[in-house]
Amino acid sequence: AAAAGLAEKYEDVNFCAGFQPQELKKYREGDLGKIKALTAHPKCVAVGEIGLDHHWPVPREEQYALFEAQLQLARELDLPVSVHDREAHAEMYDLLRKYKPRGALHCYSGSADDAAWLVEQGMYLGFGGAVTYKGAKRAAKVLAAIPHDRALLETDCPYMAPEPVRGTRNDSRNIAHVAAYIGTIWNMDAQAVLDQTAANARACFGV
C-alpha cells in the first residue's frame, strides 16, 4: 500500500506487489488476496519481488509454495514478475521452466548458458552495481553473451553501490557508473546503454 501511495504521488513511479521470500514470516492467510487486490491498481506493473532465497534461514518448502502461488497469480493476471533468486538456481530454474513467466530476474547471478535459455524464454536480466566489481567475471560473460534488448539496470538501494563509490549508500544516481561499465563490454557510450536499458524496462513492464 505504501508503494501504491508513492506511485500515486509521483508520475514516473510505478510499483510491484508481492511477497519477497525473506518476508515469509510476515505472511498470513489471505495476504495473497491482498496482493491480487493491489495488482488492480493502474500503476502496478508486476507481481514481485517474489522468489527463493537460500542464503538466509527461511523455511524452504514454505518458500516454494508461496513462490509458486505468486507465479500462478501472475499467470492468471497476465502480469510480468520480478524474481529474487539467491543461492537457489536449481529450484528456481525448475519453476521458471514450468511456469514460463515473463518479467525480470533481479540481480542476475547465473551463468551465460542459463542466461541464454532464460532470455529465449522471454525473461529480462537485471544488473546492478555488483557487475562493476573486479570479481564479477561471470556477469561480464553474461553481458557479453545476451542480446542488448534483454538487459535491465537496477539500483538495489541502499546496497551494492558500484565502483568507484563502493561502500557508500547506493541510490539511483549511481546507475550511471553501471551503464559506463556495461558500455565497455558492449562498445557503447554510457548514454546509449542508458537509452537501451530504459527502453528494455518499458518493454518488460509495459510502461
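## Exercises: a loop, a helix and two pockets

Pro164 lies in the loop between β6 and α7. Helices (H or I, at least four residues) and strands (E, at least two) are DSSP runs, numbered from the N terminus.

The model is predicted, and local features need pLDDT of at least 70, side-chain atom pairs count only at pLDDT 80 or more, while totals for chains, interfaces and linings use all residues. Residues are numbered from 1 along each chain as its sequence is written, and side-chain values use heavy atoms, with hydrogens and water left out.

**Exercise 1.** Find the residue that a cis peptide bond joins to Pro164, then look at Pro158 and Asp156 in the loop between β6 and α7.

*Solution.*
- Step 1: Glu163 is the partner of Pro164 in the cis bond, and omega there is about 10°.
- Step 2: The bond from Cys157 to Pro158 is cis too, with omega near 5°.
- Step 3: Asp156 is not a glycine, yet its phi is positive, about 55°.
- Step 4: Asp156 has 26% relative accessibility and so counts as partly exposed. For the classes, buried means under 20% relative accessible area, exposed over 50% and partly exposed in between, with a 1.4 Å probe and protein chains only.

**Exercise 2.** Which residues does Met160 touch, leaving out those up to four places away in sequence?

*Solution.*
- Step 1: Place Met160 in the loop between β6 and α7.
- Step 2: Look for contacts, meaning heavy atoms within 4.5 Å. Cys107, Gly129, Ala130, Tyr133 and Asn170 are the residues touched by Met160.
- Step 3: Check a distance: Met160 and Val131 are 29 residues apart along the chain, and their C-alpha atoms are separated by 9.3 Å.
- Step 4: Met160 is partly exposed, at 26% relative accessibility.

**Exercise 3.** Work out which residues of α7 are buried and how they are arranged around the helix axis.

*Solution.*
- Step 1: α7 covers residues 175-186, 12 in number, and reaches 16 Å from its first C-alpha to its last, close to the 16 Å expected at 1.5 Å a residue. The expected span is 1.5 Å times one less than the number of residues.
- Step 2: The buried residues of α7 are Ile175, Val178, Ala179, Ile182, Gly183 and Trp186.
- Step 3: Viewed down the axis of α7, these buried residues fall within an arc of 145°, so they line one face of the helix. The arc is that of the directions from the helix axis to the C-beta atoms.
- Step 4: Recall the general rule: an α-helix has 3.6 residues a turn, so residues three or four places apart point the same way.
- Step 5: The cover over the buried residues of α7 includes β5 (123-127), α6 (137-145), β6 (151-153) and α8 (190-205).
- Step 6: After α7 comes Asn187, with a positive phi near 60°.

**Exercise 4.** Which element gives the most residues to the lining of the largest pocket, and which to that of the second largest pocket?

*Solution.*
- Step 1: Settle the term. On a 1 Å grid over the protein atoms alone, a pocket is an open set of points where a 1.4 Å probe fits, with protein on both sides within 12 Å along at least five of seven lines; lining residues have an atom within 4 Å of a point.
- Step 2: The largest pocket holds about 1000 Å³ of space. Grid points are joined across faces, edges and corners, and a volume is the space filled by probe spheres set on the points.
- Step 3: Of the 28 residues lining the largest pocket, Cys16, Ser82, Leu153, Glu154 and Phe205 lie nearest its centre.
- Step 4: The elements giving two or more residues to the lining of the largest pocket are β1 (15-17), β2 (44-53), β4 (103-106), β6 and α8; α8 gives the most, with six.
- Step 5: The second largest pocket has a volume of about 640 Å³ and is lined by 28 residues, with Arg86, Cys107, Ser109, Ala130 and Met160 nearest its centre.
- Step 6: β3 (81-86), β5 and α6 each supply at least two residues of the lining of the second largest pocket, and α6 gives the most, with four.

**Exercise 5.** Is Asp78 buried or exposed, and is Pro42 buried or exposed?

*Solution.*
- Step 1: Asp78 sits in the loop between α3 (60-77) and β3. Asp78 is exposed, with a relative accessible area of 54%.
- Step 2: Pro42 belongs to the loop between α2 (31-39) and β2. Pro42 is exposed, at 75% relative accessible area.
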